[in-house]
Amino acid sequence: MRPAAPLLLLLPALVLVPLLLALPGLLHGGGWDLIADFSAAALTPSLDPLVLQSLLSGLGVTVAMALLGWGTSLFAGLVLGLASSRTIWRTLLGQEQPAEVIRRLLALPRSIHELLWGLLLLQVLGLQPVVAVLAIAIPYGALVARVVSDLLDALPTANLEALRASGAPAPAALLTALGPPLLPGVLSYGGYRLECALRSATLLGVFGLGGLGTELKLTLQSLEFHELWSGLWLLLAVMLALETGVGLLRRRWAMPRRFGLHQFAVGRRGREMVLALLALVPLLLVVGRVMGVDPAALAHWQPLPGLASGRWQAVLSLPWPQLVSGTLLLTALAAGLAVGLAPLLLLLTAPWPWARRLLGFGWMLARLWPPPLTLLLLLFVLKPGLITAALALGLHNLGILGRLLRESLQDGNPAPEQALVAAGSGPRLALLYGGLSGVARPYLAYGAYRSDVMLRETVVVGLAGAVGLGSQMLESLSSFAWDQLAALLLVYALLTLAGEDLSDRLRRRLLRQV
Amino acid sequence: MERPELAAAAPLLELRQISVAGRDRPRLQQLDLQIRPGERVALLGSSGAGKSTLLAVANGCLRPDAGQVLWQGLPPERSGRKRRRQQARIGTLWHDLRLIEELSVQQNLNAARLAHWGWPKALLNLVLPLETEACAAALRDMELDPALLSQPVTALSGGQRQRLAMARLLRQQPILLLADEPLASLDPRLASQLLALLLRQAQAPRALLLSLHRPDLLQGFDRVIGLRQGRLLFDCGTAAVDGARLRELYGDEAAGP
């Protein structure tokens, strides 16, 4: 007795049982009037020109930070990705060893969340635009590098070998054989990363690095819900435009959807793609200039206290087992919530197209809204703690996973589901048997990847207090305890690397059985 | 307003003045058709003549732009339980079979019962496949080995898949059998076997409407409907289908092999 594919998909939702049981105990009684005010304000955002002006300039800063961080990461990632590709090294030098070494080294910047990079750089460089840009560019660059090298090494090498055998020099052969098939995949992933970068830039703002995020947090804290919603609607408009634009380009260039739940024929208008990539360079330079990003500022480090003077005894006496287990539990709860709730909600709303549209809109808000703000909102009615933090993190990722599941259902083969409806089964059961069966394994594989991301993201809900390594790190940062911070970062990085390895294995296993 | 005895005597399927719009020309135009219990009707026409559209209207997948569909004398309910019960009485053998690749043979067979099952049974069937005896019987009827029940659908051969789709169709216990070019991709021996099976199942109170694009397999059918460019060209007994009619149906193409 092994659960069949569609049931496998619903298993993570079992996490709802303990969550719903614990929820009544978490309510602290008050705050519902605030939630009501907040909801009501959605329809009456502030239209005060002064407010709008300040929000718009904040939005401009956020978008510019996102664009610069993303652009830098894209180019750095391309270069580093090539440098960590086994195929490249094998073709150029005849050995793969250097690729492995670079790959390992890149794991470290990748394992640290952009928020931590941001807060660290803030301490070192002081508050200036380059901090947010670097905070995004460093981890994103390492992520792009990994995707580029994975894509490269997965390409069939028959063409390459044929070119080499016919006497083409190695660089030319590599470019001719691997360039065209690589580009659509990289650009598709790049488009997705731009959406992430906008979310990250907003998040960094929430933690004080400027831009719209800072405005949002201030308005929420001062309970100016009308102004808060003005900012949210603006952000929503930008995000919608971005998602639509990326979607259009994806279709125009026939790029694969991210994480390829379905394989399409890929690549059209290659020259246009290359030109678009090149046009980014002047755009980024102009934006950087306007923002006042000054690379020279990187030279001016504030002196850090030496780690040698650390009080390591005190570091050792931190409650490590609780910190680690708290982080893992938080991740598991948030992951179960996000992965399991998406198919469950799609099933519940299956008979009603209007409910589907409403759900899609709710998901959009969820992925737009930075998790620490969700957390602040939840804290109006819930006590702080692990479950509240998990809710905030889970809801945000639900928005991302839900959209992915809906897209892959739309791209999938509708025939089996249609056949079941024609044979008289209800819309929900037809979706369960006919629709979800086909997407179950690739979706869960993506869920495994996303859980790994959530592990890294636990730090952003660290504000909930006493919920693992993340909150301890925020505390150490604010009290300038560098020795603690170094130890925490190391443990966190090790944990996320182990998590990455686990999620990779799980993903391969899920996809192999297709 | 319908009296039960009237409904019982009504045709299983009645199409009145059905029209379906298409991109450049109508897919169906003012089509009338009745199918009564016990009738075995072949739907003939070249590709693009509107056969699949007609079947999609007949099984409720497609709502016509004009005209009326009646199932056992009653119009389709809008939605809900009554509609599902109506749909459950119409079984379709799809051109592409539409098996669920990720599920086992038994789970696929049971998918035909979803119209009658609630959530508990539907979910349980995904862990412990239910109603093994009925499923085994359905396989035996199609001359398939019941040992296949626990196999994934992907492990079956092309011929086995075709038979499984038939078994699933019959497990649905429909009274109106629709089949969309079921013989097109089969070799001649398999095609005649499958056709014989379908014809045998279509005894009163059941009826069969099967689409074909070749006129050489008409033996065993009571009636033939000729469709050309979305219009009904003829609706007559099998014996009345002659060379002249086929030439008219297929245009300049040769009238069959």
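**Exercise 1.** Determine whether Q472(A) is buried or exposed, and place this residue in its surroundings.

*Solution.* Step 1: count neighbours. Q472(A) has 27 other C-beta atoms within 10 Å, so Q472(A) is buried (buried: 20 or more other C-beta atoms within 10 Å of its own; exposed: 12 or fewer; partly exposed in between; C-beta atoms placed from the backbone).

Step 2: find the element. Q472(A) belongs to helix α21 (residues 469-478) of chain A (helices are DSSP runs of H or I with at least four residues, strands are runs of E with at least two, both numbered from the N terminus).

Step 3: list contacts. With neighbours within four places in sequence left aside, Q472(A) is in contact with L318(A), L323(A) and L488(A) (contact: C-beta atoms, placed from the backbone, within 7 Å). Q484(A) lies 12 residues from Q472(A) in sequence, with 8.9 Å from C-alpha to C-alpha.

The model is predicted: local features need pLDDT of at least 70 and side-chain atom pairs count only at pLDDT 80 or more, while totals for chains, interfaces and linings use all residues. Residues are numbered from 1 along each chain as its sequence is written, and chains are lettered from A and ligands numbered from 1 in the order in which they are written.

**Exercise 2.** Describe how α4(A) and α8(A) cross.

*Solution.* Step 1: take the axes. Helix α4 (residues 49-83) and helix α8 (residues 129-154) of chain A have axes that come within 6 Å and cross at roughly 35° (axes are lines fitted to C-alpha atoms, for helices over the stretch in contact; angles run from 0 to 180 degrees between N-to-C directions).

Step 2: classify the residues. The contact of α4(A) with α8(A) holds 17 nonpolar, 7 polar and no charged residues (nonpolar: Ala, Val, Leu, Ile, Met, Phe, Trp, Tyr, Cys and Pro; charged: Asp, Glu, Lys and Arg; polar: the others, Gly among them).

**Exercise 3.** Characterise the side of chain A that touches chain B.

*Solution.* Step 1: count. 23 residues of chain A contact 26 residues of chain B.

Step 2: assign elements. Two or more residues each come from α1 (5-10), α19 (415-422) and α20 (427-457) of chain A. The most come from α20(A), with 7 residues.

Step 3: classify. This side of chain A has 16 nonpolar, 7 polar and no charged residues.

**Exercise 4.** Work out the order of the open sheet of 3 strands in chain B and what packs on it.

*Solution.* Step 1: order the strands. The sheet runs β2-β1-β4 (chain B), with antiparallel pairing (two strands pair if DSSP finds at least two bridges between them).

Step 2: find the edges. β2 (28-35) and β4 (66-71) of chain B each have a single partner strand, so one side of each is left without a neighbour in the sheet. From one strand to the next, the twist averages 10°.

Step 3: add the helix. Helix α2 (residues 51-58) of chain B packs on the sheet and touches β1, β2 and β4 of chain B; its direction makes about 125° with that of β1(B).

Step 4: check one pair. Strand β1 (residues 13-20) of chain B and β4(B) are antiparallel and joined by 5 bridges. L15(B) stands opposite V69(B) in β4(B).

**Exercise 5.** Trace the partners of β8(B).

*Solution.* Step 1: parallel side. Strand β3 (residues 40-44) of chain B is joined by 4 bridges to strand β8 (residues 223-228) of chain B, and the two run parallel. Here L44(B) stands opposite G226(B).

Step 2: antiparallel side. 6 bridges link β8(B) with strand β9 (residues 231-237) of chain B. I225(B) has D235(B) as its bridge partner in β9(B).

Step 3: the turn. The hairpin of β8(B) and β9(B) has 2 residues between the strands, and Q229(B) takes a positive phi near 50°.

Conventions. Contact = placed C-beta atoms within 7 Å.
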